[in-house]
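Hi there,

Here is the structure I promised to hand over, with my notes underneath. Could you look through it alongside them when you have a moment?

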Amino acid sequence: MTAQNLLTVRDLQTAFHTEEGAWLAVDGVNLHVKRGEILGLVGESGSGKSVTGFSLLGLIDPPGEVMGGQVLFKDQDLRQCTEEQLRQLRGDRIAMIFQDPLMTLNPVLKVGEQMMEAILTHYPKTPKAEARQRCCNALTQVGIPSAESRLNNYPHEFSGGMRQRVAIAIALLNQPDLIIADEPTTALDVTIQAQILYEVQKLCKEQNTALIWITHDLGVVAELADNVAVMYAGRIVEYGSVTEVLSHPLHPYTQGLLNSMPSFTQPGSRLQQIEGMAPTLTSREQGCTFRPRCAYAHPACAEAPPPETAIANRQYRCYYPLLQEATA
Ligand SMILES: Nc1ncnc2c1ncn2[C@@H]1O[C@H](COP(=O)(O)OP(=O)(O)OP(=O)(O)O)[C@@H](O)[C@H]1O
Ligand SMILES: [Mg+2]
């Protein structure tokens, strides 16, 4: 199983240290991604999606700390890598796309200069003309017209949607094996978002690039991903193929997310919200953290966090999964 996986994450734990102690924002996360696979990592605000993404790449700064677990990328444990080894991997074999493209783009450098740098840092012997041609091709691939002349523009000369396309082009430049994208289209309007999703999906499939797409939007997951991991309060509470999870959720939280989505509800019917609030780091329950909001909660749910249970290719953390509905 591991041999086929490009990335295998085991029991990842990331804490934030405060005066009251260390709080686990990521609490025993297991994930795996194959080459060319698109995994949607979905959950409400504060569930630990970004902290997971940053932890994988060794980008957690104090007061945060990765406390445990393995991050196997092609059988190399990234947690054992030096900062220099991680720098070599980032932007080459593994790329990250952030919500704000200005986290990738330097406002005072022309886009072409930044793209050239992204290639030459990792492959310094590339002839300049060849590198420039690759930059041009990458901009064209993500749907930026007049790529040759756009290389001479500064980031502020692009619209928000175009700027995000440039950041995506940079991520794709060195044909990485894995891209981690943290809500890169959330700030864009829906038509631009749909175009970008379609293009990224096409490029990843063409280049056999694996993609972890972090989002709070199950609609985006439905459009884009092969598999989905649903995160709640630092844990993956449900995992499986998008088709299976969205048609037969096993975890009450996933069901709640689906019921609160317009596109999964009959036209004209009222949307349902998940009652209550997602817990903050310091207010998390002892047992199942979803228990206070769960319509199926039972006293046993307060005792210990539900273990990860697997059925076929599905995984879930719940003592009372929606099995009858799933198999009905
Ligand atoms: N630098 C930090 N210091 C303290 N706590 C932090 C820090 N960064 C994140 N956290 C906490 O870790 C938890 C997970 O945060 P994270 O940013 O991963 O959530 P998220 O799922 O990405 O949410 P969103 O959808 O809002 O981006 C939250 O409770 C957050 O408050
Ligand atoms: Mg986030």
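**Two aspartates with positive phi**

Asp 11 makes a friendly starting point: it is partly exposed, with a relative accessible area of 43%. Please keep in mind throughout that this is a predicted model. Asp 11 belongs to strand 1, which covers residues 5-18. Its phi is positive, at about 50°, although the residue is not a glycine. Asp 75 is another non-glycine residue with a positive phi, in this case about 70°. You will find Asp 75 in the loop between strand 4 and strand 5, and at 57% relative accessibility it counts as exposed. As background, a negative phi is what most residues other than glycine have, and most peptide bonds are trans.

That brings me to a peptide bond to look at. The one from Pro 62 to Pro 63 is cis, with omega near 10°. Pro 63 sits in the loop between helix 1 (49-56) and strand 4.

**Salt bridges**

How many salt bridges does the count come to? The total is 15. A good one to start from is the pair of Asp 177 and Lys 74, whose closest N and O atoms are 2.9 Å apart. Asp 177 lies in the loop between helix 6 and strand 7, while Lys 74 lies in the loop between strand 4 (64-73) and strand 5 (76-77), so this pair ties together parts that are 103 residues apart in sequence. Is Asp 177 buried or exposed? At 10% relative accessibility, Asp 177 counts as buried, whereas Lys 74 is partly exposed at 38%.

Asp 177 also forms a salt bridge with Arg 93, and here the closest N and O atoms are 3.2 Å apart. Arg 93 is in the loop between helix 2 (83-89) and strand 6, so its pairing with Asp 177 links parts that are 84 residues apart in sequence. Both Asp 177 and Arg 93 are buried. If you follow these contacts further, you reach a network of salt bridges that links Arg 35, Lys 74, Asp 92, Arg 93 and Asp 177.

For a pair within one helix, try Glu 206 and Lys 202, which form a salt bridge with their closest N and O atoms 3.8 Å apart. Both lie in helix 7, four residues apart, or about one turn of the helix. Glu 206 is exposed, with a relative accessible area of 53%, and Lys 202 is partly exposed at 43%.

**Two covered helices**

Helix 6 covers residues 160-172, and its 13 residues reach 19 Å from the first C-alpha to the last, close to the 18 Å expected at 1.5 Å a residue. Eleven of those 13 residues are buried, which leaves the helix mostly covered. Among the buried ones are Gly 161, Arg 163, Gln 164, Arg 165 and Val 166. What do the buried residues of helix 6 pack against? Their partners are strand 6 (94-97), helix 3 (111-122), helix 4 (128-141), strand 7 (178-182) and helix 7 (190-207).

Helix 10 (residues 252-259) has seven of its eight residues buried, so it is largely enclosed by the rest of the structure. The buried residues here include Pro 252, Tyr 253, Gly 256 and Leu 258.

**Cysteines and a tyrosine patch**

How many disulfides are there? The count comes to zero. Cys 294 is in no disulfide, and the nearest cysteine sulfur, in Cys 318, is 6.1 Å away. For Cys 301, the closest cysteine sulfur is that of Cys 288, and at 6.0 Å it is too far for a bond, because a disulfide needs the two sulfurs within 2.5 Å. Cys 294 counts as buried at 17% relative accessibility, and Cys 301 is buried too, at 8%.

On the surface, Tyr 296, Tyr 319 and Tyr 320 form a nonpolar patch, with about 260 Å² of accessible area together. Tyr 320 is in the loop between strand 12 (314-316) and helix 11 (323-327), and it is partly exposed, with a relative accessible area of 33%.

Enjoy exploring, and write back with any questions.

Best wishes

Conventions:
Residues numbered from 1 in each chain as written. Chains lettered and ligands numbered in written order. Predicted model: local features only at pLDDT ≥ 70, side-chain atom pairs only at ≥ 80, totals over all residues. Heavy atoms only, no water. Buried < 20%, exposed > 50% of the residue type's maximum accessible area, 1.4 Å probe, protein only. Expected span 1.5 Å × (residues − 1). Contact = heavy atoms within 4.5 Å. Patch = residues over 30% accessible without salt bridge, like charges linked within 9 Å, V, L, I, M, F, W, Y side chains within 5 Å. Areas by Shrake-Rupley, 256 points an atom, 1.4 Å probe, with all protein chains shown as cover. Salt bridge = Lys/Arg side-chain N within 4 Å of Asp/Glu carboxyl O.
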